[in-house]
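Reader: I have a model on my screen and would like to read its fold. Can we go through it together?

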Amino acid sequence: MLSHVALDLIDRPHLPERHQPDLALYKEWYHFNVVDETQGVDLIVNLSLDGDIYRPGHGEAKLIVLTCLHDDDWRGGVDVFDAAALNIRPNTVDITLGEQCVRFNDGR
């Protein structure tokens with residue numbers, strides 16, 4: 001089981017400074033795999049960020065969610081948001097975009 005310390009050091013958000021001159025070139029992505037063996041469900045969540053994530057209309061956030069149920073048939077889709085709608089806490093996995101969120105709590 002991962003700890004917050006490991007995530008803080010290794011796999012944390014790397015957000016740009018707010019007033020960097022090259023914010024339009026910013027790109028980052030997060031990829032999460034969740035396996036629930038008791039329910040037979042696999043979940044893949046991918047969030048990609050492009051552009052100035054601080055100014056409305058200048059950046060894009062794409063959220064891809066795929067699930068695989070017992071029948072091995074993958075289902076899902078892509079939602080595209082203005083990146084300024086993103087709420088992400090630096091140095092931890094705590095991401096909210098629209099009605100979706102990914103959080104790291106109690107080692108999970």
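Author: Helices here are DSSP runs of H or I with at least four residues, strands are runs of E with at least two, and both are numbered from the N terminus. Keep in mind that this is a predicted model.

Reader: In what order do the elements run from the N terminus on?

Author: The protein has one helix and seven strands. The helix comes at the start of the run, and the strands follow. Written from the N terminus, the order is α-β-β-β-β-β-β-β.

Reader: Which strands form the open sheet, and in what order?

Author: Four strands take part, and their pairing is antiparallel. From one strand to the next, the twist averages 10°. The order in the sheet is β1-β2-β3-β4.

Reader: Why is one side of β1 and of β4 left without a neighbour in the sheet?

Author: β1 spans 27-36 and β4 spans 74-82. Each has a single partner strand, so one side of each stays free of a neighbour in the sheet. The reason is their place: both stand at the edges.

Reader: What is the bridge partner of Asp-42 in β3?

Author: Strand β2 covers residues 41-51, and strand β3 covers residues 59-68. The two pair in the antiparallel sense over ten bridges. Within β3, the partner of Asp-42 is Cys-68.

Reader: What percentage of the residues count as buried?

Author: Buried means under 20% relative accessible area. The protein has 108 residues. It exposes about 7400 Å², with 53% of that supplied by carbon and sulfur atoms. The buried share of the residues is 28%.

Terms used. Residues are numbered from 1 along each chain as its sequence is written. This is a predicted model: local features need pLDDT of at least 70, side-chain atom pairs count only at pLDDT 80 or more; totals for chains, interfaces and linings use all residues. Side-chain values use heavy atoms; hydrogens and water are left out. Two strands pair if DSSP finds at least two bridges between them. Axes are lines fitted to C-alpha atoms, for helices over the stretch in contact, and angles run from 0 to 180 degrees between N-to-C directions. Buried means under 20% relative accessible area, exposed over 50%, partly exposed in between (1.4 Å probe, protein chains only). Accessible areas come from the Shrake-Rupley method with a 1.4 Å probe; for residues, only the protein chains shown count as cover.
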